[in-house]
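Please read the following note with the sequence and the structure side by side. It takes the chain in numbered points, with each term explained where it first appears.

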Amino acid sequence: MGVPQRRRYGPIVVDMASHRPVDLLPEATSDALAAWLEQHPGIEVIYRDRASYFADGGRRGAPNTTQVADRRHLLANLSSAVERCWAATSPACENNP
């Protein structure tokens, strides 16, 4: 019989120059990210996913940084936009072969 393991998840902070983990935030909130950024001045670029708490935490904790969506999320954004466009125009495409 297995013993349940307690797992804790949180956003990971990675140095993109070295590709090494720097820290694990205690929770996935804008307050946690803002506090971490305030304690670690000098961050120039924030590569992040689409979660709104990352955008908000970045703006509050390091307002002079550049925020960039990572490649995976840029592709996800593009895919979503193409799907919406296709859904909006597909009836017209089906009627005009």
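The points below go from the model as a whole to single residues.

1. Basis of the note. This is a predicted model, in which local features need pLDDT of at least 70, side-chain atom pairs count only at pLDDT 80 or more, and totals for chains, interfaces and linings use all residues. Residues are numbered from 1 along each chain as its sequence is written, and side-chain values use heavy atoms, with hydrogens and water left out.

2. Confidence. The predictor's confidence in each residue is called pLDDT and runs from 0 to 100. For the protein chain the mean pLDDT is 83, and 85% of its residues reach 70 or more. Among the elements of the chain, helix H1 has the highest mean pLDDT (96), whereas helix H3 (residues 71-95) has the lowest (76).

3. Elements and their order. Helices (H or I, at least four residues) and strands (E, at least two) are DSSP runs, numbered from the N terminus. The protein chain holds three helices and four strands, and along the sequence they follow the pattern β-β-α-β-α-β-α.

4. Burial. A residue is called buried if its relative accessible area is under 20%, exposed if it is over 50%, and partly exposed in between (1.4 Å probe, protein chains only). Of the 97 residues in the protein chain, 23% are buried.

5. The antiparallel pair. Two strands pair if DSSP finds at least two bridges between them. Strands S1 and S2 run antiparallel and are joined by four bridges. One partnership links Val-13 to Asp-23 in S2.

6. The hairpin loop. Which residue takes a positive phi in the hairpin of S1 and S2? It is His-19, with a phi near 60 degrees, in a hairpin that has four residues between the strands. This positive value occurs in a residue other than glycine. His-19 is found in the loop between S1 and strand S2 (20-24), and it counts as exposed because its relative accessibility is 59%.

7. The parallel pair. Strand S3 (residues 45-48) and strand S4 (residues 66-69) run parallel, with four bridges between them. Val-45 stands opposite Thr-66 in S4. The route from S3 to S4 passes through helix H2 (residues 52-61), and this β-α-β crossover is right-handed. A crossover has that name if, with the strands pointing away from the viewer, the path from the first strand over the helix to the second runs clockwise. Arg-48 has Ala-69 in S4 as its bridge partner.

8. The two faces of S3. Ile-46 and Arg-48 form the covered face of S3, while Val-45 and Tyr-47 form the uncovered one.

9. The largest pocket. On a 1 Å grid over the protein atoms alone, a cavity is a set of points where a 1.4 Å probe fits but cannot get out, whereas a pocket is an open set with protein on both sides within 12 Å along at least five of seven lines; lining residues have an atom within 4 Å of a point. Grid points are joined across faces, edges and corners, and a volume is the space filled by probe spheres set on the points. The largest pocket holds about 610 Å³ of space. It is lined by 22 residues, and the closest to its centre are Ile-12, Val-13, Val-14, Ile-46 and Tyr-47. Strand S1 (12-15), helix H1 (30-39) and S3 are the elements that each give two or more residues to this lining.

10. Character of the lining. Ala, Val, Leu, Ile, Met, Phe, Trp, Tyr, Cys and Pro count as nonpolar, Asp, Glu, Lys and Arg as charged, and the others, Gly among them, as polar. By these classes the lining of the largest pocket has 16 nonpolar, one polar and five charged residues.

11. Three residues of H1. Is Ser-30 buried or exposed? Ser-30, found in helix H1, counts as buried because its relative accessibility is 15%. Its C-alpha atom is 5.8 Å from that of Asp-56, though the two are 26 residues apart in sequence. Ala-35 also lies in helix H1 and is partly exposed, at 31%. Gln-39 of helix H1 is exposed, with a relative accessible area of 60%. From C-alpha to C-alpha, Ala-62 is 9.5 Å from Ala-35 and 9.9 Å from Gln-39.

12. The loop after H2. Asn-64 is placed in the loop between H2 and S4 and counts as exposed, since its relative accessibility is 76%. Asn-64 and Gly-42 are 22 residues apart in sequence, and their C-alpha atoms are 9.7 Å apart in space.
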